[in-house]
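User: I have a model open and would like to go through its backbone and packing point by point. Please keep the answers short.

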Amino acid sequence: MSTRDGGGSGRSDPTGTTTWDDYRHNNFQGTNYRVRGPQDGPVVVCVHGIGSFSVCFDGIATAFVERGFRVVTYDLLGRGHSRPIDPSSDKSSAELLVGQLHALMQFLELTQVPKHIIAHSMGGAVATLYTDQHGANGSVASLTLLSPAGLMDSGMFKFVRGCGCLRSMIRNQLRGGQEKAWRSDFVEKGTALEEETVRVLRLQSEHTDVFEALWQDVLSFPLFGLESVVRRLSEDETHNRLSVFVLWGDSDTAVPFNPNFARWRTAFEWRSSAPPSWSEFRHHVVREAGHMFFEERKDEVVPLITEFVSHHE
């Protein structure tokens with residue numbers, strides 16, 4: 001089992017001089033969010049993963065803003081500058097995170113506006129659930145899923161969730177191995193990108209209890225078991241205008257390339273022979289790249305994503 005999810009710098013600060021407060025933007029009900037690009041531009045919404053925060057999408061956001069898109073990035077609850085998850089809440093982790101995104105879309109008056117969601121790792125599962133619940137009939141025009149969780153092997157997660165006697169030991173092991181895990185998200189070692197990513201994630205760990213949010217998601221978020229939800233998105237006519245692009249790094253071990261890529265591809269690839277009224281499915285494998293492939297192979301990946309989203313705008 002891996003729970004890592006690199007943060008990334010978006011290569012926006014190669015000098016490594018940003019402070020933690022530099023990542024604080026706007027606040028809505030405890031959600032730290034940022035909107036970039038023209039007010040009337042087509043809308044892109046980015047959802048990061050389990051141990052990251054919104055800075056990981058800076059590179060992609062910049063590329064879309066340069067093409068005239070309006071880009072929304074935000075920190076999931078318990079990450080970045082967003083508020084911690086309320087431990088007294090009777091809502092599940094999935095309900096809270098999907099509800100956070102829906103509330104932000106309502107606040108920004110984007111609920112019914114056709115939008116393109118780009119989501120990484122656990123964020124891919126959040127985006128999938130959001131689209132299933134709130135994205136019918138074209139209000140989500142496309143999903144770009146970067147090594148999404150949601151269809152992972154269940155065994156280790158069920159073991160951790162069901163074995164209270166070992167839970168403290170596993171928790172301590174995960175906490176102690178965070179920096180090693182961040183570095184494992186990159187195939188190329190010792191690069192400026194890797195070092196800046198680690199620096200930024202250290203900042204997050206120093207100023208927030210991001211590990212507590214991560215741990216609660218390990219215990220309760222549907223990192224596996226979303227087969228029925230994915231099937232509805234793939235086959236239900238209320239989502240026949242939804243286009244999907246799944247991308248993966250072939251050396252990803254956080255959300256392992258095998259067997260997860262094949263599971264997502266199989267779920268959607270029937271659309272290649274679907275009626276003309278149904279929208280498109282694409283998939284792409286990035287060679288010699290890890291969990292942070294969209295930063296590690298930015299020159300390859302970002303043009304693929306911008307072309308896909310633009311094509312369905």
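User: Is serine 147 buried or exposed?

Analyst: This is a predicted model. Serine 147 sits in the loop between E6 and helix H4 (155–162). Its relative accessibility is 0%, and the cut-off for burial is under 20%, so serine 147 counts as buried.

User: What is the phi of serine 147?

Analyst: Most residues other than glycine have a negative phi. Serine 147 is not a glycine, yet its phi is positive, at about 40°.

User: Which loop holds glutamate 288, and is that residue buried or exposed?

Analyst: Glutamate 288 also calls for a look at the backbone: it is not a glycine but has a positive phi of about 55°. The residue is found in the loop between E8 and helix H11 (293–296). Its relative accessible area is 58%, and the cut-off for exposure is over 50%, so glutamate 288 is exposed.

User: Is the peptide bond from asparagine 258 to proline 259 cis or trans?

Analyst: Most peptide bonds are trans. Proline 259 lies in helix H10 (residues 257–268). The bond that leads to proline 259 from asparagine 258 has omega near 10°, and is cis.

User: Which residues of H10 make the contact with H9?

Analyst: The axes of helix H9 (residues 227–235) and H10 come within 9 Å and cross at roughly 40°. On the H9 side the contact is made by Val230, Leu233 and Ser234. By class, the residues of this contact are five nonpolar, one polar and no charged. The H10 side consists of Trp264, Ala267 and Phe268.

User: Is H2 roughly parallel or roughly perpendicular to H3?

Analyst: Helix H2 (residues 93–107) and helix H3 (residues 122–134) have axes that come within 9 Å and cross at roughly 65°. Angles of 65 to 115 degrees fall in one class, which means that H2 is roughly perpendicular to H3.

User: How many charged residues are in the contact of H2 with H3?

Analyst: H2 passes H3 in a right-handed crossing. Ala94, Leu97, Val98, Leu101, His102 and Met105 of H2 meet Met122, Val126, Leu129, Tyr130, Gln133 and His134 of H3. Of the contact residues, nine are nonpolar and three polar, and the number charged is none.

User: Which residues does leucine 104 touch, leaving aside those up to four places away in sequence?

Analyst: Leucine 104 is found in helix H2, and is buried, with a relative accessible area of 1%. Leucine 104 and tyrosine 33 are 71 residues apart in sequence, while their C-alpha atoms are 8.7 Å apart in space. With that sequence limit, the residues touched by leucine 104 are Phe28, Thr31, Tyr33, Val72 and Tyr74.

User: Which strands stand at the edges of the sheet?

Analyst: Eight strands form an open sheet with mixed pairing, in the order E1-E2-E4-E3-E5-E6-E7-E8. The twist from one strand to the next averages 20°. An edge strand has a single partner strand, so one of its sides is left without a neighbour in the sheet; the two in question are E1 (26–28) and E8 (281–286).

User: What is the bridge partner of tryptophan 248 in E8?

Analyst: Strand E7 (residues 243–249) pairs with E8 in the parallel sense over six bridges. In E8, the partner of tryptophan 248 is valine 285.

User: How many residues of E4 are buried?

Analyst: In a regular strand the side chains alternate between the two faces of the sheet. Both faces of E4 are covered, with Arg70, Val72 and Tyr74 buried on one side and Val71 and Thr73 buried on the other. E4 is therefore largely enclosed by the rest of the structure, and its buried residues number five of five.

User: Which residues of E4 are the bridge partners of valine 35 and cysteine 46?

Analyst: E2 and E4 pair in the antiparallel sense over four bridges, whereas E3 and E4 run parallel and are joined by four bridges. In E4, the partner of valine 35 is valine 72, and that of cysteine 46 is threonine 73.

User: At what angle to E2 does helix H1 run?

Analyst: Helix H1 (residues 58–66) lies across five named strands: E2 (31–36), E3 (43–47), E4 (70–74), E5 (115–120) and E6 (140–146). Relative to E2, H1 runs at about 35°.

Key: Residues are numbered from 1 along each chain as its sequence is written. This is a predicted model: local features need pLDDT of at least 70, side-chain atom pairs count only at pLDDT 80 or more; totals for chains, interfaces and linings use all residues. Side-chain values use heavy atoms; hydrogens and water are left out. Axes are lines fitted to C-alpha atoms, for helices over the stretch in contact, and angles run from 0 to 180 degrees between N-to-C directions. Angles under 35 degrees count as roughly parallel, over 145 as roughly antiparallel, 65 to 115 as roughly perpendicular and the rest as oblique. A crossing is left-handed if the near helix is turned anticlockwise from the far one by less than a right angle, and right-handed if clockwise. Contact means heavy atoms within 4.5 Å. Ala, Val, Leu, Ile, Met, Phe, Trp, Tyr, Cys and Pro count as nonpolar, Asp, Glu, Lys and Arg as charged, and the others, Gly among them, as polar. Two strands pair if DSSP finds at least two bridges between them. Buried means under 20% relative accessible area, exposed over 50%, partly exposed in between (1.4 Å probe, protein chains only).
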